[in-house]
Amino acid sequence: MVLSGLFYVLQLLYPQIINPKPLSQRITNYKLEVELDPVAKTVSGTMDAFWVNPSSDVVPDIQLHMYLNAFSSNKSTFYKESDGSPGTEEIDYGWVKIKSMTDRKGNDLKSIMKYISPDDNNPDDMTVLDVPLPEAAKPGDTVFIKVSFVSKLPTLTHRTGFKDDFFFVGQWFPKFGVYEPAGMRYAVKGGWNCHQFHYNSEFFSNHSVYDVKITVPKEYVIGTGGILLDEKGEGEKKKTQTWRAEDIVDFAWTAWPGFAVYMDQWKHVKITLLLPKDRSEQVDRQFTAVKYALEYFDKNVGPYPWPYITIVDPPKKGNGSGGMEYTTIFTSESAYWMPEYFKFPEMVTIHEFGHAYFMGILASNEFEEPWLDEGVNSFWEERILDHYYGPDAGMLDHPFLKVSDETMARMEYVLSGNRQVVSNAEYSWNYPHRTYGLMSYMKTATWLYTLMGIVGEETTNEIFKEYYRKWAFKHPSGRDFVNIVNEVVPRINGNKFGPDMNWFFDQTLYGTGICDYKVSNFFNSSITDFKGIVNTGDSILFKKSGREKDTLFKATVQLERLGEVMLPEEILVHFDNGDHILETWDGKSRFKDFKYTGKRKVDWVKIDPDYKIKMDVNYINNSMTDNPDKKPVRRYANKFISFMQFFINIISL
């Protein structure tokens, strides 16, 4: 059966409820009926799921993620990489156990399933399950499985788990990997892309439909990545809610008796906010931030396609779940004492919402190319905060100290001693010396800002609009993103930057070099008409010009490239009469001189006057003046003192 015909049949079985038509191919779908046991800290129930073979291959097996097993032992790959442990007590550990698994014909699959470790061959890791099929799946075939399972939630430390009566339930059920046909992303031949759960990794999934029934004690408030279709009482003490989500890559949910629920609206999007009842002063901040993000992405990238979004601001005891994304539900982080001038809650909300685009809609592989989600999303987070909260105050807007979000991220990159250890082109768990965050988030955002500085903001926005138009719900790779850049930049700018932008990505994305340009020196030499000894043939005479004072000068500006990265630069040269010249340099040679002759003298020079090249690791050596003003030094010293006072106050809260 061809895929298009099969999808038609499946749509009859799984009709549209949320959107007018499917947004994705829906290669995997899930129906779950589960119950939360708040005492045993378990979620147990059944799952009916299917996977469609999207390839021309005959596939002999299916592979499932069993993420919660990462918390079952300190010998799992997750904890071996973190040098940690799930806890000290049995209740701290997490796991997922298959009670039974059958196919559509009732064949027992549990007896033939086995755990594999495709990344590191760790025999103690049980986060990937391989299930041989009684009949291999031919092209276009649908594999149905029925699973009875129990998931024990771990103590809440990493994305999922419990703390007392608070639950955030993520990565909690057996979940299909992604079968990549030859030609998808980097696949040379078809095969399962189903990585183990690593300490420094997130996820990669097909877009799916989720029909989920959740039974909890009546006093619990539930929030999920779906829309509520129905609620029924189950006796005097329990209730069952039915939820539906379409075309998302994962389904997560939370339950806690202490949630207050607030509602708001942005255009077609219904916004639900769950947060502790004593934190009502944070409500407007959360709604404002997510509406800013919706507006900015809608204008500059593409539309948000779902009619709802759920924000969870966990209680203090649930902080381990803060700052995590699941497309149509995400967790923020705030506190009742969070001052208005400190935009940390807004930053988390905007960042986690942004994942709905790069992790959710575009759905890149976070295991293998974390920069394509985390770094790209950080770039947009910084743009949004600094756009709406002030270009110099996106993170901190205190009367005595203002700091942009972009500056915070850039400084973390340029001041790191590990900034040259590795490139961005690594699997998430292969980053050495704790450079995963530095490279995936900060460096990527910094070189994206640099790209925007070179090609311009309008061109950058068009790059992402085209990226969205071409790759929404299709799992692009980093190579696909680069190809979009190479298509859009010449279309708008001609050959101004060359036939493509590979020269940029080779140095920034795939390279480990740093960018550092320096004003080495400048000086002004006076010029006379003539001064010296003249041999007339009959006698030797000393001659000089008749002018009392020299009026012409030769000014020389000397620049150097100290780093390996070569980028085009602008240089602003200022003269003592108020004139200035904006020079350009391709930045390729190790040094560059500019010379001027006239009645004016150079009095200061500045490389990159508009700060377009954010990758430059040392702004201090970008300028030089012959009349240094110590006021900026005092100003920065005062800012530093203010920052230290602010930091001490935050720590003491």
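1. Let's start inside the protein: the largest cavity encloses about 100 Å³ of space. Keep in mind as you look at it that this is a predicted model. How many cavities of 30 Å³ or more does the structure hold? The count is 1.

2. Now have a look at what surrounds that space. The lining of the largest cavity is made of 15 residues. If you want to find the spot on your screen, go to Phe203, Phe204, Val249, Met359 and Glu366, the lining residues that lie nearest the centre of the cavity. By type, the lining splits into 7 nonpolar, 3 polar and 5 charged residues.

3. Which domains supply the lining of the largest cavity with at least three residues each? They are domain 1, which covers 1–256, and domain 2, which covers 258–354. Try colouring the two in your viewer.

4. Next, an open space. The second largest pocket holds about 470 Å³. It is lined by 18 residues, and Ile454, Phe497, Trp503, Pro568 and Glu569 are the closest to its centre. Two helices, α7 (436–455) and α10 (502–508), each give two or more residues to this lining, and so do the strands β29 (569–575) and β30 (580–585).

5. What is the mix of residue types around the second largest pocket? Its lining has 8 nonpolar, 3 polar and 7 charged residues. Here too, two domains come together: domain 3 (401–507) and domain 4 (517–626) each provide at least three of the lining residues.

6. A nice bit of strand pairing to trace by eye is β18 with β19. Residues 259–266 form β18 and residues 269–276 form β19, and the two run antiparallel, joined over 8 bridges. One pair to pick out is valine 261, whose bridge partner in β19 is leucine 274. The two strands make a hairpin with 2 residues between them. In that turn, lysine 267 has a positive phi of about 50°.

7. Finally, how far should you trust what you see? For the protein chain, the mean pLDDT is 93, and 91% of the residues reach 70 or more. The start of the chain is another story: over residues 1–5 the pLDDT stays under 50, and the model gives this stretch 7 contacts beyond four places in sequence. Residues 644–653 also have a pLDDT below 50, with 6 contacts beyond near neighbours in sequence. Where pLDDT is low, the predicted coordinates should not be read in detail. So please don't build an argument on the contacts in either of these stretches.

Methods. Residues are numbered from 1 along each chain as its sequence is written. This is a predicted model: local features need pLDDT of at least 70, side-chain atom pairs count only at pLDDT 80 or more; totals for chains, interfaces and linings use all residues. Side-chain values use heavy atoms; hydrogens and water are left out. On a 1 Å grid over the protein atoms alone, a cavity is a set of points where a 1.4 Å probe fits but cannot get out, and a pocket is an open set with protein on both sides within 12 Å along at least five of seven lines; lining residues have an atom within 4 Å of a point. Grid points are joined across faces, edges and corners, and a volume is the space filled by probe spheres set on the points. Ala, Val, Leu, Ile, Met, Phe, Trp, Tyr, Cys and Pro count as nonpolar, Asp, Glu, Lys and Arg as charged, and the others, Gly among them, as polar. Domain bounds come from an automatic or database domain assignment. Helices (H or I, at least four residues) and strands (E, at least two) are DSSP runs, numbered from the N terminus. pLDDT is the predictor's confidence in each residue, from 0 to 100. Contact means heavy atoms within 4.5 Å. Two strands pair if DSSP finds at least two bridges between them.
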